[in-house]
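Me: I would like to go through this structure step by step, with the reasoning behind each answer spelled out.

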Amino acid sequence: MNDLAFRSASELAAALQARTIGCRELLEIHLGRVEALNPAINAVVTLDAERARRRADEADAALARGEIWGPLHGLPMTLKDSWETAGLRTTSGTPDLAGH
């Protein structure tokens, strides 16, 4: 088990900006936890791992250029399923919206 999955957002953001861990590396740790745990708990309704990986790579490239997009730059996160997100289904936990 990687203890990075249990660190606070502020600790992880500082580690990302200090470049002691990469955005993609941190994302993969969290995706591994989703893969291992989500089948039993169904906490992540729709997972777009490929788009997350692309965005993590972009965040790493931006950091390499000295750019910081804000305090959560490169931090993996999920959005509640009730927030409509471009290109992702949004069910709001309702079977009638399974294809929305």
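Reply: Before turning to individual side chains, one term is needed: a polar contact is a pair of N or O atoms within 3.5 Å, where, within protein, one must be able to donate a hydrogen and the other to accept it. The model is a predicted one, and the side chains of Arg53 and Glu28 are joined by a polar contact of 2.6 Å.

Me: What is the mean pLDDT of the chain, and which helix has the highest mean among its elements?

Reply: The mean pLDDT of the chain is 90, with 99% of its residues at 70 or more. Among the elements, the lowest mean, 95, belongs to helix H1 (residues 9-18), while the highest, 97, is that of helix H3 (residues 49-64).

Me: Which helix supplies the largest share of the largest nonpolar core?

Reply: The largest nonpolar core has 16 residues, and those with the most contacts inside it are Leu4, Leu16, Ile21, Cys23 and Leu26. H1, helix H2 (23-41) and H3 each contribute at least two residues to this core. The largest share, 5 residues, comes from H2.

Me: Which residues does Leu26 contact, leaving aside its neighbours within four places in sequence?

Reply: Leu26 is among the residues with the most contacts inside the largest nonpolar core. Once its neighbours within four places in sequence are left aside, the contacts of Leu26 are Leu4, Leu12, Leu16, Ile21, Leu75 and Pro76.

Me: Is Arg53 buried or exposed?

Reply: Arg53 is placed in helix H3, and its side chain makes a polar contact of 2.7 Å with the side chain of Glu50. Leaving aside neighbours within four places in sequence, Arg53 is in contact with Arg24, Leu27, Glu28 and Leu31. Because the relative accessible area of Arg53 is 19% and the cut-off is under 20%, Arg53 counts as buried.

Me: Which residue of helix H3 meets Arg24 in a salt bridge?

Reply: Arg24 forms a salt bridge with Glu28, with the closest N and O atoms 3.0 Å apart, but both of these residues lie in helix H2, 4 residues apart, or about one turn of the helix. A salt bridge of 2.7 Å, N to O, also joins the side chain of Arg24 to that of Asp57. This second pair links distant parts of the chain, 33 residues apart, with Arg24 in helix H2 and, in helix H3, Asp57.

Me: Which residues are linked with Arg24 in a network of salt bridges?

Reply: A search of the whole structure finds 8 salt bridges. Arg24 is partly exposed at 28% relative accessibility, as is Glu28 at 29% and Asp57 at 36%. The network links Arg24 with Glu28, Glu50, Arg53 and Asp57.

Me: How far apart in space are Glu58 and Gly99, C-alpha to C-alpha?

Reply: Glu58 lies in helix H3 and, at 39% relative accessibility, counts as partly exposed. Its side chain is joined to that of Arg55 by a polar contact of 2.8 Å. Glu58 and Gly99 are 41 residues apart in sequence, and their C-alpha to C-alpha separation in space is 29 Å.

Me: Is Arg65 buried or exposed?

Reply: The side chains of Arg65 and Glu67 meet in a salt bridge of 2.9 Å, N to O. Glu67 is partly exposed, with a relative accessible area of 32%. Since the relative accessibility of Arg65 is 55% and the cut-off is over 50%, Arg65 counts as exposed.

Key: Residues numbered from 1 in each chain as written. Predicted model: local features only at pLDDT ≥ 70, side-chain atom pairs only at ≥ 80, totals over all residues. Heavy atoms only, no water. pLDDT = per-residue confidence, 0-100. Core = buried A, V, L, I, M, F, W, Y, C linked by side-chain atoms within 4.5 Å. Buried < 20%, exposed > 50% of the residue type's maximum accessible area, 1.4 Å probe, protein only. Contact = heavy atoms within 4.5 Å. Salt bridge = Lys/Arg side-chain N within 4 Å of Asp/Glu carboxyl O.
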